[in-house]
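Trainee: I'm new to reading structures, so please walk me through this one.

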Amino acid sequence: MPLDYVHDTQAVFRKVMDGMAQPGKTNSLAKQMIQIDHPIDCYHSTFLTMVTLLDSEATFHIKGNHTSLVQRISQLTLAKHVEESEADFIIITADLPQAGLISAIQSAKKGSLIDPQLSATIIIETPELSSGQEWLLKGPGIKKDKRLKLAYSQTINQAREEKNQEFPLGIDIVITDQVGKLVCLPRTTVISEVSK
C-alpha cells in the first residue's frame, strides 16, 4: 500500500506536535515508513517529517549534495529551497560532518522579538536514537528531569545554547533516525551533559 499523503502525514504531524509538547519523548514513525516504496536520499523518517511540515508557504534548505531530494521535496510540498540563513526548515542528513551541523545552527534564523515564530526548525538525522552520550533535559513539558541518550556533542549543544540565549528567539530541533524514531528539542528545553 503506497504512502497516503493525507492520512499518514496527519499521523506524523500529531507525533511531531506530541514530541514538541513533551521534549525528549521518543515517538515512532515506523507504521508510516513501511508505506514508502521508492528510494530517497535520506532516512524515511526524515522524508516523512519534511513532507508533513513543509508546504507552499514554507522554505527549506538541505545541507550537502542532495539535488534529487531537493527536487522531490519541492515537487511534493511546493516549498521553496533557499539558502540556509533564510530557511524555515534546515535538514541535516546523516552524512554531513559535525562542522556542517554547527554551521547550520549558527546561520539559522532565530526570529525577532516581534515575530519569534519566524525562526528555523532544524531536522537532524542520527543513525540511532537512544545511543551515545546521556543528556539531562529540563524545561516546559518535562516532569522533573528527562534523560535521553543522543549522539550529540557538547560543541553542538553549545551552538544551540548560544542560538537560544535570547528567549523567545531561537531554534527548534527535530531528530530522526533510520528505524523511524523521532525526538523533539524545542528552544525552551535546557540540555546538560550527564557526568559519567
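Mentor: Vocabulary first: helices (H or I, at least four residues) and strands (E, at least two) are DSSP runs, numbered from the N terminus. This is a predicted model, so local features need pLDDT of at least 70 and side-chain atom pairs 80 or more, while totals for chains, interfaces and linings use all residues. Residues are numbered from 1 along each chain as its sequence is written, and side-chain values use heavy atoms, without hydrogens or water.

Trainee: Got it. Which element gives the largest share of the lining of the second largest pocket?

Mentor: That's β5, with 3 residues. A pocket is an open set of 1 Å grid points, over the protein atoms alone, where a 1.4 Å probe fits, with protein on both sides within 12 Å along at least five of seven lines; lining residues have an atom within 4 Å of a point.

Trainee: And which residues lie nearest its centre?

Mentor: L101, I124, E125, T126 and A151, out of 16 lining residues in the second largest pocket. Both α5 and β5 supply at least two residues of that lining.

Trainee: What lines the largest pocket?

Mentor: There are 14 lining residues, and M17, L53, F89, T121 and D172 lie nearest the centre of the largest pocket. Two or more residues of this lining come from each of α1 (7-21) and β8. The largest share, 4 residues, is from α1.

Trainee: New topic: how many residues are in the largest nonpolar core?

Mentor: It has 27, and I90, I122, L150 and L185 have the most contacts inside it. Such a core is a set of buried Ala, Val, Leu, Ile, Met, Phe, Trp, Tyr and Cys residues joined through side-chain atoms within 4.5 Å. The elements that supply at least two residues each include β4 (89-92), α5 (98-107) and β5 (121-126). The largest share comes from α5, with 4 residues.

Trainee: What does I90 touch?

Mentor: Beyond its neighbours within four places in sequence, I90 is in contact (heavy atoms within 4.5 Å) with H61, K63, E84, A104, A108, A120, T121, I122 and I123. Apart from the largest core lies another, of 24 residues, with L29, I40, F47 and I123 among them.

Trainee: How many disulfides are there?

Mentor: The count is 0, where a disulfide is a pair of cysteine sulfur atoms within 2.5 Å.

Trainee: Why is C42 not bonded to C184?

Mentor: Because its sulfur is 16 Å from that of C184, the closest cysteine sulfur, which is too far for a bond.

Trainee: Is C184 buried or exposed?

Mentor: Buried, because its relative accessibility is 0%. C42 counts as buried too, at 11%. Buried means under 20% relative accessible area, exposed over 50%, and partly exposed in between (1.4 Å probe, protein chains only).
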